[in-house]
Amino acid sequence: MRTAGSLLLLFGQNLTHIIALTTGHLDHQDSHQTIRLDSTPIRLPSPLPSLPV
C-alpha cells in the first residue's frame, strides 16, 4: 500500500495504472532500481525500492 501511495504522489499515476504494474516493469540499471511507467525507465528515489509491497 505504501508503494502504491508513493507512486501516486511521486509520479502522479492513476490507481488503475498502478494496479496493472507487474514485476516486468521493474529493472536494475547502473546499480539503481528503475520502473518503466511508459516507454522510458525512471530511476526510483532511494527509499522507494525498499518499501514493502
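Biologist: What share of the 53 residues in the protein chain is buried?

Modeller: Buried residues make up 25% of the 53 residues; a residue is called buried under 20% relative accessible area, exposed over 50%, and partly exposed in between, with a 1.4 Å probe and protein chains only. This is a predicted model, in which local features need pLDDT of at least 70, side-chain atom pairs count only at pLDDT 80 or more, and totals for chains, interfaces and linings use all residues. Residues are numbered from 1 along each chain as its sequence is written, and side-chain values use heavy atoms, with hydrogens and water left out.

Biologist: Why is threonine 34 called buried?

Modeller: Threonine 34 has 6% relative accessibility; the limit for buried is under 20%, so threonine 34 counts as buried. Threonine 34 lies in strand S2 and touches His25, Leu26, Asp27, His28, Gln29, Pro41, Ile42, Arg43 and Leu44, residues up to four places away in sequence not being counted. Contact here means heavy atoms within 4.5 Å.

Biologist: What makes S2 a strand, and which elements does the protein chain contain?

Modeller: Strands are DSSP runs of E with at least two residues, helices are runs of H or I with at least four, and both are numbered from the N terminus. S2 spans 32-36, so it meets the requirement for a strand. The protein chain has two helices and three strands, in the order α-α-β-β-β from the N terminus on.

Biologist: How do you know that S1 and S2 pair?

Modeller: Two strands pair if DSSP finds at least two bridges between them. Four bridges join S1 to S2, which run antiparallel; the pair therefore satisfies the criterion. Glutamine 29 stands opposite histidine 32 in S2, and glutamine 33 in S2 is the bridge partner of histidine 28.

Biologist: Why is one side of S1 and of S3 left without a neighbour in the sheet?

Modeller: Three strands form an open sheet in the order S1-S2-S3, with antiparallel pairing. S1 and strand S3 (41-43) stand at the edges and each has a single partner strand, so one side of each lacks a neighbour in the sheet.

Biologist: What is notable about phi in the turn between S1 and S2?

Modeller: S1 and S2 form a hairpin with two residues between them, and aspartate 30 in the turn has a positive phi of about 55 degrees. Serine 31, found in the loop between S1 and S2, has a positive phi of about 60 degrees although it is not a glycine. Most residues other than glycine have a negative phi.

Biologist: Are aspartate 30 and serine 31 buried or exposed, and why?

Modeller: The limit for exposed is over 50%. Aspartate 30 has 72% relative accessibility and therefore counts as exposed; serine 31, with a relative accessible area of 75%, is exposed.

Biologist: What makes Leu8, Leu9, Leu15 and Ile19 a nonpolar surface patch?

Modeller: Patches are made of residues with over 30% relative accessible area and no salt bridge; like charges are joined within 9 Å, and nonpolar side chains (Val, Leu, Ile, Met, Phe, Trp, Tyr) within 5 Å. A salt bridge is a side-chain nitrogen of Lys or Arg within 4 Å of a carboxyl oxygen of Asp or Glu. Leu8, Leu9, Leu15 and Ile19 make a patch of about 460 Å², an accessible area from the Shrake-Rupley method with a 1.4 Å probe, where for residues only the protein chains shown count as cover. Helix H1 (2-11) and helix H2 (15-19) each supply at least two residues of the patch. Isoleucine 19 is found in helix H2 and, at 69% relative accessibility, counts as exposed.
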